[in-house]
Every structure is written in structure tokens, then in C-alpha cells.
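Trainee: I would like to learn how to read a protein structure with two chains. Could we go through one together?

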Number of protein chains: 2
Amino acid sequence: MTAKSNHHWAAAALDVLRVGEGFRLADVDPHSTPGYSGSKADAQDDLAAGVDELDPLQERLFAQSRVEPASASVLLVLQAMDSAGKGGIIRHVVGSVDPQGVMLAAFKKPTKEELAHDFLWRIQQRVPTPGMIGVFDRSHYEDVLIGRVRSLAPADEIERRYDAINEFEKRVTDAGTRVVKVMLHISPDEQRERLMERLDRPDKHWKYNPGDVDERALWPQYMDAYQIAFERTSTDHAPWHVVPADRKWYARLAVQALLRETLERIDPQWPTATFDVEAEKARLAAS
Amino acid sequence: MTAKSNHHWAAAALDVLRVGEGFRLADVDPHSTPGYSGSKADAQDDLAAGVDELDPLQERLFAQSRVEPASASVLLVLQAMDSAGKGGIIRHVVGSVDPQGVMLAAFKKPTKEELAHDFLWRIQQRVPTPGMIGVFDRSHYEDVLIGRVRSLAPADEIERRYDAINEFEKRVTDAGTRVVKVMLHISPDEQRERLMERLDRPDKHWKYNPGDVDERALWPQYMDAYQIAFERTSTDHAPWHVVPADRKWYARLAVQALLRETLERIDPQWPTATFDVEAEKARLAAS
């Protein structure tokens, strides 16, 4: 019998980490572990227990959609400064569930074709279908983060986008998708250390991009852009969650908890057979 | 120190399982374990060791593509009768590698839009990009399998498709994708048992489709269609591999071996830095 993965959590991670009224990013310590009372070793056990809990929840979510076409889906949106650990979370948290139930979309610098459309054009196409767990590795928020910091669009266009995002996410949630928005919050010092490790190890050079240092120089501007995005887009239908990420083990555990709790709140059920089970047994036995 | 996953293999699975000149599907025992001398318990250890070997190979494949845009990719094509274990292989073999390096495409009954195009139209769009491991859960081969058995297209159109497939796969391999085509081969008795289990367990009902029993009735016709597909499309550039699949543990191990050996033959390398490492260290330290 496995221990429940949530026994070191004081309350639901969805509540503890939620960006609510009066939230100030500057007040969040990237090294903290809000809501979690366990140690790093506990976290390892809890992460493993969480895998065993996520698994049947995901399978039921998927199963339900095979029979009920309009059933729920989940969209996990991951945003962060470089090296904050998005990749590790996709690998170790998302990667623990059946890949057949996951739709992963990594949004890079927009292509020419993408730029010729509204900023939500490429996003809309990757919204998870019923039964699926969608994961956005970066997202439409880039268009109000780097978009704002680097003035990639006129100021009034950036302004327009916050409302456009809220309307878009409202449509998506109304259609049955639970949107879980996560910012992984690291400190500039921790980032320097992680980038330095990439430079120290030849097998990590490919992960290093000189442009990362240029963006580092704009750290305060990025934090301001995040703060504004939280104020404008942490809505009731699609709230933000800020996950301190200097400790990788905490960030992974917290995102797993957010995903698990979201699935628990959906509470998907095994669908009932749409055929006559006994009749099928007889047909099959005779075949 | 972990044992190598291939020490129970008499030779490369890519060679042992390959469909060559004079191959007859009817001669393959679905319960056999060709090339593998280990037990079921050995297979469990070897599967775990294989995960540790696949992991760095996949990461190097991916890393290389970040720096060399025209580098290699892999496409694993999975075909089988229902319940042969495609899902388990995707879950346990494909699911063991980083999801960021995997592109999974499940091809269902074609939509109206898909039917309005050539049969390869929807396939072409899902070919893996450089650095990725693509997995086709069913594929263009449906169009010469169920397509042939159920006469879903005129006979001369079906005939045309074998050559079209060969030309398509030639283009794909010439562009740097290694195509690994796998048929999971189960016996009708084993299928009956697996389908019966789905009927016996309410949490498996959603996996059961009454149509599966209808297709069972056409088993010999399907085997003929596979035999013809092998004869027409097991080419030097994209050979078929038949994996006996009555024993799930063997099928998973064999497909893992096919994937691992394919990556070993590509032999991807960590790319060299495209920037001045020491200069970047200095910039980063000062930032």
C-alpha cells in the first residue's frame, strides 16, 4: 500500500500557489517551498506516489472521452525564464503518464506564417481535444512577455492582447478544458549557476544560447511583465499559479500536485459500455 | 554498473526480425521469441537496462538537430491486428524516452477532409522533423490492409498504392529519416483471450469495440493482405520487421531493441558549441 502523495501538503497546491488579489511576484522567494512540509527525500517518495495516482486519473479522463465526445480535457501552460526547469517537468512529471493521452506543444519564436496571423492563431490549433492532457511549453503569454519587454508589437496591440487572452481562455474553459497556468519562478543567481553548468559540460553546450545572457540583462523588465500579466489574466476561469523553482524537486512535485488535483476535481469516471456485454461475450466466444 | 540490454540477443533484432526474400508470415509462430535467449524475468531486467541505453541516444539525436538542421530522425511504424499490444509498446517503450523528443501520431478512420486528399496526404504531415522519434500508431498501411480486405478503394487504386508507398518512404529516408516498420503478430486465440478480458472488466469496456469481432472473422484475409504488403513494400530503404506478440514481454523488448539499434546505427553525437565557450563564461559571470 503506497502512501498518498499529498500528505505533506498543508492544503491543495491549486489554492496555495494561486495568484489572487494583491499578489506581488516580488514577494515570492524562489527558494521557498510553499505548502509543502516534507524534505527533499520525502519529495522523492511523494513524486513516485503521485505518479501512481496520476496514472489512473489520466486513463479515466481518456477513457471517458472515447464514449462521451464532449468530455473534459486539461491544458497545462508552462512559462518561465530560461533554465527554470520546464524541460525537467515535461520529462519527469508529464513524461510519467501515458504518451497516448498527452498533447505537447512547444512554442518557439513565431514563423513568418505564424506572424502573418493573429497571435492566438497558432495557439488555438494546439488546444487539447477531449480526454487529453495538453501541455504548452511557452505559450500565448510570450506575446505579452518578451513581446512587451522587447517591444515586438506596438504598445496598444500589447494592451489589446490581455483582453484577447482572457476571452480566448474563457472560450476554451467553457468548452470543457481546465486551464492550469504555471510560472516557474527562479532567481537570477540560480539561473547563472544553471547556465554556467551548461557551459562547463560539453554534453550541455547545445542547450546554451548566447541570447540567454542578453535576456538576463532585462530581468527586472521581465518580472514587471509577468506581474502585469498576472494582474490582467489571473481570472476565475483560468488562474495563474507561481511555483518557486530554485529547488527542482519542489517545482516538480508542485506541478505534479497541480495536475493531480485538477484531474481529481474533474473526477473522470470509467464510461459504461455502449454495447450488450453478455451478447458480445457470446459472439466473441463463437468467433 | 548495468548489464547491457542486448546480452540475451543472438544477433541484432533489426536483422533477426527483418522481412527478407521469401518471407512467409504463415511460418512465424506468434508465441515464439526469435533471437532472444532470456526468460521473461531476464526480459524485465533487459527492458530496464534498455531504457538507460535509449535515453542518452535519444538525447544526442535531439541535441544534434538543434545545431545541424538536416540531421537524422526516426520513424517507428506500428501495425497490428486489434489488441496485439501497440498501446502497451507506446506506453512502456516509447513512453520511457523524453516526450519532448517524441512525435506520436495515431491514425484513425480517415475524416471526410482526409478522404478528399490522396491517402498519403495526412501521413506526410506527421513525418518526424530532424532530431525526433516519430511513432505512427497505424499508418498509410491501413490503406492496403483494411483498404484491401474491405475493398475501400477500387482494386487498381490499391495496386497503385504499394508503389506510391515505396516512393514516399524513399523520399522520407533520403531526407534523413530512418523508417522502422513493425508488425506485431498475434494469434487469433490470443486475441480472443485479450478481447474477452476487456469484456470481463468494466474498467476495460471502453477499449472494446463490437467491430473488432467482425474484423476477426476476416483473419485469413488480413494475413493475406499483410503478406502482400510485405512482399511489395519490404524494401532496402524501409524494411518490415515482424515481431511475434503473443508474449507481451517479448514484443516490448523486441521493439525497444529495434529502436535502440536504429539509434546506435545513426550514432548521433553531441554537437560542438557554435559560440566561444570561454567568452560566454566571462559574459555570464559578469551578468
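Trainee: How many salt bridges does the rule find across the interface of chain B and chain A?

Mentor: Before we start, keep in mind that this is a predicted model. The rule finds six salt bridges across the interface of chain B and chain A. One of them pairs A:Arg283 with B:Asp214, whose closest N and O atoms are 2.5 Å apart. Polar contacts are counted too: 17 residue pairs make them across this interface, with both residues at pLDDT 80 or more.

Trainee: Which elements give two or more residues to the side of chain B that touches chain A?

Mentor: They are α2 (40-67), α3 (86-92), α8 (188-200), α9 (211-216) and α12 (277-286) of chain B. The residues on that side divide into 22 nonpolar, six polar and 16 charged.

Trainee: And how do I read the size of an interface?

Mentor: The general idea is that size is often given as the accessible area lost when the parts come together. Here, chain B and chain A bury about 3900 Å² between them, and 63% of that is on carbon and sulfur atoms. Within chain B, the residues that lose the most area to chain A are B:Arg91, B:Trp206 and B:Leu284, together 19% of what that side buries. You can also count residues: 44 of chain B are in contact with 44 of chain A.

Trainee: Now the inside. Which residues touch the most other members of the largest nonpolar core?

Mentor: In general, nonpolar side chains tend to be buried together in soluble globular proteins. In this model the largest nonpolar core has 79 residues, and A:Val182, A:Leu184, A:Phe230 and A:Val243 touch the most other members. Helix α11 (residues 248-266) of chain A gives the largest share of this core, eleven residues. Look at A:Leu184 on your screen: beyond four places away in sequence, its contacts include A:Met81, A:Ile89, A:Val243 and A:Val255. There is also a second, separate core of 78 residues, with B:Leu184, B:Ala238, B:Val243 and B:Ala254 among them.

Trainee: Is B:His140 buried or exposed?

Mentor: B:His140 counts as buried because its relative accessible area is 1%, and the cut-off for buried is under 20%. You will find B:His140 in the loop between β3 (133-137) and α6 (146-149) of chain B. Leaving aside neighbours within four places in sequence, B:His140 is in contact with B:Phe119, B:Leu120, B:Ile123, B:Ile165, B:Phe168 and B:Glu169.

Trainee: Let's return to salt bridges. How many does the count come to over all chains?

Mentor: The count is 52 over all chains. Let's try a few. A:Glu264 and A:Arg260 form one, at 3.5 Å from N to O. These two lie four residues apart in helix α11 of chain A, about one turn of the helix. A:Glu264 is partly exposed, at 33% relative accessible area, whereas A:Arg260 is buried, at 2%.

Trainee: What separates B:Asp189 and B:Arg192 in helix α8 of chain B?

Mentor: About one helical turn, because they are three residues apart in that helix. Their side chains meet in a salt bridge of 3.3 Å, N to O, and B:Arg192 is partly exposed, at 24%.

Trainee: Which residues are linked in a network of salt bridges?

Mentor: A:Asp118, A:Glu157, A:Arg160 and A:Arg161 are linked that way. For a final pair, try A:Arg24 and A:Asp27, which form a salt bridge at 3.1 Å, N to O. A:Arg24 is partly exposed, at 47%, and A:Asp27 is exposed, at 56%.

Definitions and conventions. Residues numbered from 1 in each chain as written. Chains lettered and ligands numbered in written order. Predicted model: local features only at pLDDT ≥ 70, side-chain atom pairs only at ≥ 80, totals over all residues. Heavy atoms only, no water. Contact = heavy atoms within 4.5 Å. Buried area = accessible area lost by both parts, 1.4 Å probe. Salt bridge = Lys/Arg side-chain N within 4 Å of Asp/Glu carboxyl O. Polar contact = N/O pair within 3.5 Å; in protein donor to acceptor, adjacent residues only side chain to side chain. Nonpolar A, V, L, I, M, F, W, Y, C, P; charged D, E, K, R; others polar. Core = buried A, V, L, I, M, F, W, Y, C linked by side-chain atoms within 4.5 Å. Buried < 20%, exposed > 50% of the residue type's maximum accessible area, 1.4 Å probe, protein only.
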